[in-house]
Amino acid sequence: MCETKNLCLWLVQLVYMLGLLGFCLWLAVHPRSPDYTIIKFSVPLTNHNNGSSHGRIEYELDIKNPNRDSCILYDDTFLTFYYGEDKVGNKTIPCFYQGKNREKSEIHRLSDQMDVETRLWTDLRKAIMNASAELRVDLSTKIVYYTWGIKSKQHGINREGKIRIGKDGMLLNNKEVKLRHASKKWKL
């Protein structure tokens with residue numbers, strides 16, 4: 001009777017240790033979601049184009065892979081800027097591959113510009129001149145992780161952030177804008 005109790009106790013301890021080891025291994029290999037940050041943003045020549053009915057915005061977007069053991073394959077990324085509820089402009093970033101984060105951050109930096117919708121340019125320019133402009137940015141894409149040669153399923157990513165623009169047409173206080181998980185509330 002004593003031998004069966006010892007055997008059962010030993011088996012329970014073995015299962016517990018294997019479970020704990022499996023959980024630790026899962027935590028070590030479970031990939032984290034990439035980080036998206038707008039590091040520069042400007043609406044150029046707002047003071048010089050007072051009569052212009054057309055404008056553009058310029059931005060720099062950093063995409064960081066925080067994973068040490070996972071590469072990421074990005075599908076087309078859709079970046080959209082809104083002023084209030086009106087779409088200012090949108091951009092499609094073509095698919096790309098991002099390597100592992102071994103020692104330093106694996107960062108993919110995109111610098112681009114987009115034209116502002118003509119009907120919104122006047123309102124946006126006036127708001128910037130009054131130092132009260134705020135834009136919303138939405139980003140959506142799908143990604144696949146490659147961890148130790150194993151391909152994951154496709155994951156949907158939706159991020160959003162608010163960009164406050166100063167009177168000079170640049171990011172207010174030169175603060176970077178980190179894009180956060182999109183709200184799950186219904187957007188009208």
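Trainee: How many of the eight residues of strand β1 are buried?
Mentor: In this predicted model, strand β1 covers residues 35-42, and a residue is called buried when its relative accessible area is under 20%. Strand β1 is largely enclosed by the rest of the structure, because the number of its eight residues that are buried is six.

Trainee: Which strands are joined to β1 by bridges, and how many bridges are there to each?
Mentor: Strand β11, residues 177-178, runs antiparallel to β1 and is joined to it by two bridges, with T37 standing opposite K178. Strand β2, residues 55-65, also runs antiparallel to β1, and there F41 has Y59 as its bridge partner. The strands asked for are therefore β11, with two bridges, and β2, with seven.

Trainee: Which residue forms a salt bridge with K40, and how far apart are the closest N and O atoms?
Mentor: A salt bridge is counted when a side-chain nitrogen of Lys or Arg lies within 4 Å of a carboxyl oxygen of Asp or Glu, and by this rule the count comes to seven. K40 lies in β1 and its partner in β2, so the pair ties together parts that are 20 residues apart in sequence. That partner is E60, with the closest N and O atoms 3.9 Å apart.

Trainee: Is E60 buried or exposed?
Mentor: The word buried applies under 20% relative accessible area, and exposed applies over 50%. Because its relative accessibility is 16%, E60 counts as buried.

Trainee: Which residues are joined with K40 into one network of salt bridges?
Mentor: E60 in strand β2 meets R109 in a salt bridge of 3.9 Å, N to O, and this pair links parts of the chain 49 residues apart, since R109 is in strand β7, residues 106-116. D62 also meets R109, at 2.6 Å, N to O, and D62 and R109 are 47 residues apart. Salt bridges that share partners thus join K40 into one network with E60, D62 and R109.

Trainee: How wide is the arc that the buried residues of helix α2 cover around the axis?
Mentor: Helix α2, residues 118-129, has 12 residues and reaches 17 Å from its first C-alpha to its last, close to the 16 Å expected. Its buried residues are L120, W121, L124, R125, A127 and I128. They lie on the same side of α2, because the arc they cover is only 160°.

Key. Residues numbered from 1 in each chain as written. Predicted model: local features only at pLDDT ≥ 70, side-chain atom pairs only at ≥ 80, totals over all residues. Heavy atoms only, no water. Helix = DSSP H or I, 4+ residues; strand = E, 2+ residues; numbered from the N terminus. Expected span 1.5 Å × (residues − 1). Buried < 20%, exposed > 50% of the residue type's maximum accessible area, 1.4 Å probe, protein only. Arc of directions from axis to C-beta. Pairing = 2+ DSSP bridges.
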